[in-house]
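Me: I would like to go through this model carefully, one point at a time, with the reasoning set out before each result.

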Amino acid sequence: MNIGGMCVLEDDKLCTGCGECEICDLDRTKLCDNCGKCLDIRDDAVIKIDKIIIDNNEE
């Protein structure tokens with residue numbers, strides 16, 4: 001929650017502390033525990049790196 005800040009679920013609305021943003025998308029009876037099941041995250045997910053660019057001009 002971001003009470004007093006902007007709502008993360010609705011544009012142009014202030015956070016009222018309703019807690020809707022902390023509810024699990026898959027099970028409305030529990031709080032989100034960042035399990036990642038709603039994102040379909042797999043343990044064997046892979047990111048392919050095509051190339052590495054090194055900037056030798058860094059100060």
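The turns below take up cysteines, a pocket, a surface patch and salt bridges in what is a predicted model.

Me: How many disulfides does the structure hold?
Reply: A disulfide requires a pair of cysteine sulfur atoms within 2.5 Å. Cys32 does not take part in one, as the nearest cysteine sulfur, that of Cys38, is 6.4 Å away. For Cys35 the closest cysteine sulfur, in Cys24, is 5.9 Å off, which is too far for a bond. The number of disulfides in the structure is 0.

Me: Is Cys35 buried or exposed, or does it lie in between?
Reply: The class between buried and exposed runs from 20% to 50% relative accessible area. Cys35 has a relative accessibility of 43%, and therefore it counts as partly exposed.

Me: Which residues are the closest to the centre of the largest pocket?
Reply: The largest pocket has a volume of about 250 Å³, and 17 residues line it. By class, this lining has 9 nonpolar, 2 polar and 6 charged residues. Those closest to the centre of the pocket are Ile23, Cys24, Asp25, Cys32 and Cys38.

Me: What is the area of the nonpolar surface patch made by Ile47, Ile49, Ile52 and Ile54?
Reply: A residue can belong to such a patch only with over 30% relative accessible area. Ile47 has a relative accessible area of 76%, so it passes that cut-off and is classed as exposed. Together with Ile49, Ile52 and Ile54, Ile47 makes a nonpolar patch of about 540 Å².

Me: Which residue meets Glu20 in a salt bridge, and is that residue buried or exposed?
Reply: A salt bridge needs a side-chain nitrogen of Lys or Arg within 4 Å of a carboxyl oxygen of Asp or Glu. The side chain of Glu20, which is partly exposed at 36% relative accessibility, has its partner at 2.7 Å, N to O. That partner has a relative accessibility of 52%, and because exposed means over 50%, the answer is Arg28, exposed.

Me: How many salt bridges does the count come to?
Reply: Besides the pair of Glu20 and Arg28, the side chains of Lys13 and Glu10 meet at 3.6 Å, N to O, where Lys13 is partly exposed at 33% and Glu10 is partly exposed at 43%. The side chains of Asp33 and Lys30 also meet at 3.6 Å, with Lys30 partly exposed at 31% relative accessibility. The count of salt bridges comes to 3.

Note on methods
Residues are numbered from 1 along each chain as its sequence is written. This is a predicted model: local features need pLDDT of at least 70, side-chain atom pairs count only at pLDDT 80 or more; totals for chains, interfaces and linings use all residues. Side-chain values use heavy atoms; hydrogens and water are left out. Buried means under 20% relative accessible area, exposed over 50%, partly exposed in between (1.4 Å probe, protein chains only). On a 1 Å grid over the protein atoms alone, a cavity is a set of points where a 1.4 Å probe fits but cannot get out, and a pocket is an open set with protein on both sides within 12 Å along at least five of seven lines; lining residues have an atom within 4 Å of a point. Grid points are joined across faces, edges and corners, and a volume is the space filled by probe spheres set on the points. Ala, Val, Leu, Ile, Met, Phe, Trp, Tyr, Cys and Pro count as nonpolar, Asp, Glu, Lys and Arg as charged, and the others, Gly among them, as polar. Patches are made of residues with over 30% relative accessible area and no salt bridge: like charges are joined within 9 Å, nonpolar side chains (Val, Leu, Ile, Met, Phe, Trp, Tyr) within 5 Å. Accessible areas come from the Shrake-Rupley method with a 1.4 Å probe; for residues, only the protein chains shown count as cover.
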